Amino acid sequence: MFIDIKSAVNPNHSQSHIRYSFPLDRPVKALYLYFEYEPKLLDDNAQGRKLLEQSLERYVLPEQKELALSGIDRYLPLSNLITISVDDPNEYRGACHRHDSIQQLFLSESAASPGLLPGEIITGTWTITLSLHSIVTGSCTYHLKAWAEEEEAI
Amino acid sequence: MRWLACELHTHTVHSDGRQTLQELGNGAARLGFDCLALTDHNTMSGLADKQIVEQSAGIFILPGMEWTTFHGHMVTIGLDDYVDWREAQPANIHDGVAAVHRHGGLAGLAHPFRIGSPACTGCYWEYAVQDWNDFDYIEVWSGTFAPIKTDNSRAFSLWTDKLNEGHRIAATSGRDWHEQADTEEPISVTYLGVKNETTIDTEQAVAALRQGRVSVTIGPLVNLEVISAAQVYGLGSIVPAGEGAVTAQVSIDCTVRSGLWALPHPDYHLILISNKGVIADYPLGSSDGLLELQAELPRDGLIWMRAELRGIVRGIRTMVAFTNPVYFE
């Protein structure tokens with residue numbers, strides 16, 4: 001296992017990246033990633049409305065604010081969003097920008113999970129980037145794992 | 001000139017779309033599009049299926065990626081390689097645009113006034129812009145039934161403000177299309193004017209968008225030309241200061257994508273509008289063919305002019321189509 005990390009973030013970490021690197025010192029057949037975070041949703045809709053009302057001050061013209069407020073519930077429940085992207089020692093290998101809070105991903109020479117690019121799993125330093133687009137719950141825990149499927153013995 | 005019907009903002013299962021590229025290609029072809037740009041969030045991996053989908057769906061696919069960053073979403077189209085979106089900070093977006101340009105691509109603001117975080121982080125454009133000329137386009141119509149939406153009105157006004165300041169920047173539509181769900185709402189089309197009548201390639205489509213040979217509509221295709229004694233200036237062209245008397249010629253083609261849209265009793269008005277305000281307003285009534293108009297133009301102080309087609313859509317008087325500008329030195 002190259003990475004097996006459990007950690008927690010909070011709203012102050014919103015709009016930032018967290019990077020985890022690991023050395024791959026031997027060629028492998030495939031690289032696997034598991035990523036999970038929870039909670040996904042902010043269940044407290046009253047708190048959600050409060051956050052949205054604050055954001056409307058920034059994003060909506062004063063004359064349109066009343067209309068925007070009347071439709072605010074369509075954004076509820078608010079949710080956390082963390083996405084994952086992968087860099088091999090030389091190049092970007094794609095991102096999985098989707099809303100699933102559990103993702104099981106892989107890369108190999110001939111195939112990869114949607115969002116990621118197939119290609120040789122080369123030796124060197126690999127980096128997994130977690131992009132914290134929005135954390136709206138008081139705490140959000142995550143679990144990131146990375147491991148390899150070894151080349152078959154000759 | 002051939003006008004390619006384009007959908008310039010789409011997503012697949014390679015990001016948060018609920019459609020494969022094949023499903024997207026088939027759906028776009030059914031709606032009469034000649035071309036779509038695949039602009040998945042932060043990845044270009046979906047392009048692996050480009051050729052096979054182009055052949056089976058009969059549609060051209062432009063490479064692209066939507067920079068889905070924390071401070072704004074930026075659609076990039078036509079680039080030959082990935083450019084890293086993760087270095088974007090509120091004050092350095094021009095570095096990202098320059099990198100997109102180095103790879104032969106174009107950069108546009110996506111839905112710049114959609115509500116941002118925490119409803120949709122980055123959906124509202126918050127990057128500092130030092131030079132608007134650096135951006136190739138603004139997506140002024142986002143989603144379906146785009147012309148009636150408040151966010152789009154703000155984007156359209158932003159575009160007009162930048163034109164009035166003397167910038168030359170294109171405007172497009174993009175459905176931000178995530179799934180094959182039927183809609184009764186009018187669908188926008190961005191027409192790109194390409195010179196090759198027979199084949200489509202990325203270079204031509206990118207050149208058309210970069211140069212502003214662009215006309216956007218939920219129905220008829222509107223074209224505007226400025227004609228002098230010596231020359232015809234199309235959309236995106238610059239009429240030189242020394243040019244003599246000029247005439248505007250507008251065509252409104254209601255036969256495009258025939259059978260795939262309908263605007264009953266639209267009571268059209270064609271408006272020529274510029275930095276000097278409205279130049280002409282022609283009531284056209286309702287038509288389903290090809291209309292042509294001509295107008296003499298005052299040159300004094302004119303820096304840009306576009307055509308707008310307005311009409312009644314679902315009981316609402318709104319904009320139906322607009323061209324990109326012809327510019328004047």
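Student: In the predicted model, which residue of β5(B) does B:Glu66 stand opposite?

Tutor: This is a predicted model, and everything said here is computed from it. The strands to look at are β4 (64-68) of chain B and β5 (residues 73-77) of chain B, which run antiparallel and are joined by five bridges. Across this pairing, the residue of β5(B) that stands opposite B:Glu66 is B:Val75.

Student: Which strands are the edge strands of the open sheet with the order β4-β5-β6-β7-β8 in chain B?

Tutor: The sheet is open and has five strands with mixed pairing, and its neighbouring strands are turned by 30° against each other on average, with direction ignored. An edge strand here pairs on one side only, and the strands for which this holds are β4 (64-68) and β8 (170-174) of chain B.

Student: Which helix packs on this sheet, touching β5, β6, β7 and β8 of chain B?

Tutor: The direction of the helix in question makes about 45° with that of β6(B). The helix covers residues 202-210 of chain B, and its name is α5.

Student: Why do the buried residues of α3(B) lie on the same side of the helix?

Tutor: Helix α3 (residues 93-102) of chain B has the buried residues B:Ile93, B:Gly96, B:Val97 and B:Val100. An α-helix has 3.6 residues a turn, so residues three or four places apart point the same way. The buried residues of α3(B) pack against β4, β5 and β6 of chain B, while the face turned away from the buried side carries the exposed residues B:Ala98 and B:Arg102. The buried residues are on the same side of α3(B) because the arc they cover around the axis is only 100°.

Student: Which strand of chain B gives the most to the largest nonpolar core?

Tutor: The largest nonpolar core has 100 residues, and those with the most contacts inside it are B:Cys35, B:Leu36, B:Ala205, B:Leu209 and B:Val214. B:Cys35, for instance, touches residues including B:Leu4, B:Phe60 and B:Ala205, when residues up to four places away in sequence are not counted. The strand that gives the most to this core contributes five residues, spans residues 304-313 of chain B, and is named β18.

Student: How many residues of chain A are in contact with chain B?

Tutor: On the side of chain B that touches chain A, the residues divide into seven nonpolar, twelve polar and three charged. These 22 residues of chain B are in contact with residues of chain A, whose number is 27.

How values were computed: Residues numbered from 1 in each chain as written. Chains lettered and ligands numbered in written order. Predicted model: local features only at pLDDT ≥ 70, side-chain atom pairs only at ≥ 80, totals over all residues. Contact = placed C-beta atoms within 7 Å. Nonpolar A, V, L, I, M, F, W, Y, C, P; charged D, E, K, R; others polar. Core = buried A, V, L, I, M, F, W, Y, C linked by C-beta atoms within 7 Å. Buried ≥ 20, exposed ≤ 12 C-beta atoms within 10 Å, placed from the backbone. Helix = DSSP H or I, 4+ residues; strand = E, 2+ residues; numbered from the N terminus. Pairing = 2+ DSSP bridges. Axes fitted to C-alpha atoms, helices over the stretch in contact; angles between N-to-C directions. Arc of directions from axis to C-beta.
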